[in-house]
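This report covers selected helices and a few residues that pack against them. The sequence and model come first.

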Amino acid sequence: MGSTVLILLHIVKTIKKNLRKSLKKENSCMMMKETTLPYEREINMATQYLNKYTSLITAIHDIVGDSVHIVNKRPVSGGDINNAYALELSDGGCIFMKTNTVKNDPFFTAEMSGLKAIANTHAIGVPEVLGYGTDGNSYSFLLLSFIRSERKIDKYWETFGTELAAMHAVSYDHFGFDEDNFIGATRQINDRRDTFLEFFRDCRLEPQFRMADRYLSDADRKKRDRLLDHMDDYYIEPDHPSLVHGDLWSGNHMTGNDGKAWIIDPAVDIGHPEVDLAMTELFGRCPESFYMSYNEASSLQPGYADRKDFYNLYQLLNHLNLFGSGYLSSVRQILARV
């Protein structure tokens, strides 16, 4: 088995090397006109999932060629968990890099799996995963295609709604996900369940309520218990299990290279589409045309307006646990409806 794996890895490495040579030859006469380099296109980098790099330089050379090097590492704002940089390269290209401590590299394997799952729906734009690993004992890293936000297309929000609905239209046979991941800095349990109500109770609400217990009064705990014991009074099963982004606030969608909305920083699971819609309304709201377009493409189940706050209870509990008592009143407002 070990020799077979080594042979496969050698074949993959040879194919990638030949591909790089072919791309260089093909583009040598057009590079002056080319504005998007080959590795910045939406190309299939599935072979990258075979390797966890142990050096950033090795990863860069493997992705773009041995002759290309980093000329500038420019900090990029956004996010409070990872450091982010634009790696400007000697061939004029750019790669987006996130870094964290070596021990926190599970953040990146989880994000990589989420982006891959969304990409596999072929419904909506996401950054391409180019590579991941650790640079010795210094830091862990995730390399993504750099999103050069173009001018928004006409009917930008309508298209966003339609494409999100298309992602949600892909059907699965269970709830959960293949691995745990993270919502912010909090680990998300993604154990498999047969129903959405079981999944949302066992893997979303109960863990957050346990962590938040120090903030809760006796009256809050009675409301909590009532909610968890009578989930079907506040939530509904979806038409089918759907892949959801899981953290779709306004900071996690942006204009992509094609002028359409792309989604980033996923916290995916296979769950209920209404979770994503509710999150778009928690911290601000998309324009009405987004919701109208979504509903035309995938009709909402009756009663969504009454349920959306109960989906967002999970997000508010997480904020309470991460950032403190400033979110307690929002949690209590929802529990008051129980």
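## Helix spans, burial and packing

Helix α3 (residues 106-119) has 14 residues, which at 1.5 Å a residue should span 20 Å; its end C-alpha atoms are 20 Å apart, so the two agree. The expected span is 1.5 Å times one less than the number of residues. Helices are DSSP runs (H or I, at least four residues), numbered from the N terminus.

This is a predicted model: local features need pLDDT of at least 70, side-chain atom pairs count only at pLDDT 80 or more, and totals for chains, interfaces and linings use all residues. Residues are numbered from 1 along each chain as its sequence is written, and side-chain values use heavy atoms, with hydrogens and water left out.

α3 is mostly covered, with 10 of its 14 residues buried. Buried means under 20% relative accessible area (1.4 Å probe, protein chains only). Among the buried residues of α3 are Phe107, Phe108, Met112, Leu115 and Ile118. Glu111 is also buried.

Helix α5 (residues 196-212) can be set beside α3.

| Helix | Residues | Expected span | End C-alpha distance |
|---|---|---|---|
| α3 | 14 residues | 20 Å | 20 Å |
| α5 | 17 residues | 24 Å | 22 Å |

In α5, 12 of the 17 residues are buried, so the helix is largely enclosed by the rest of the structure. They include Phe196, Phe199, Phe200, Asp202 and Arg204. α5 also has a kink of about 35 degrees at leucine 205, shortly before proline 207. The bend at a residue is the angle between axes fitted to the seven residues ending there and the seven starting there.

α5 packs on helix α6 (residues 218-229) at about 175 degrees, with the axes 11 Å apart. That makes α5 roughly antiparallel to α6, a label for angles over 145 degrees. Axes here are lines fitted to C-alpha atoms over the stretch in contact, and angles run from 0 to 180 degrees between N-to-C directions. Arg201, Leu205, Glu206 and Phe209 in α5 meet Arg224, Leu227 and Leu228 in α6. Contact means heavy atoms within 4.5 Å. The contact residues divide into 4 nonpolar, no polar and 3 charged. Ala, Val, Leu, Ile, Met, Phe, Trp, Tyr, Cys and Pro count as nonpolar, Asp, Glu, Lys and Arg as charged, and the others, Gly among them, as polar.

What does leucine 317 contact, leaving aside its neighbours within four places in sequence? The partners are Leu205, Gln208, Phe209, Ala212 and Val331. Leucine 317 lies in helix α9 (residues 304-323) and is buried, at 0% relative accessible area.

Asparagine 312 is also found in α9. Its relative accessible area is 4%, so asparagine 312 is buried. Beyond neighbours within four places in sequence, asparagine 312 contacts Ala278, Met279 and Leu282.

Methods
Helices (H or I, at least four residues) and strands (E, at least two) are DSSP runs, numbered from the N terminus. Angles under 35 degrees count as roughly parallel, over 145 as roughly antiparallel, 65 to 115 as roughly perpendicular and the rest as oblique. Buried means under 20% relative accessible area, exposed over 50%, partly exposed in between (1.4 Å probe, protein chains only).
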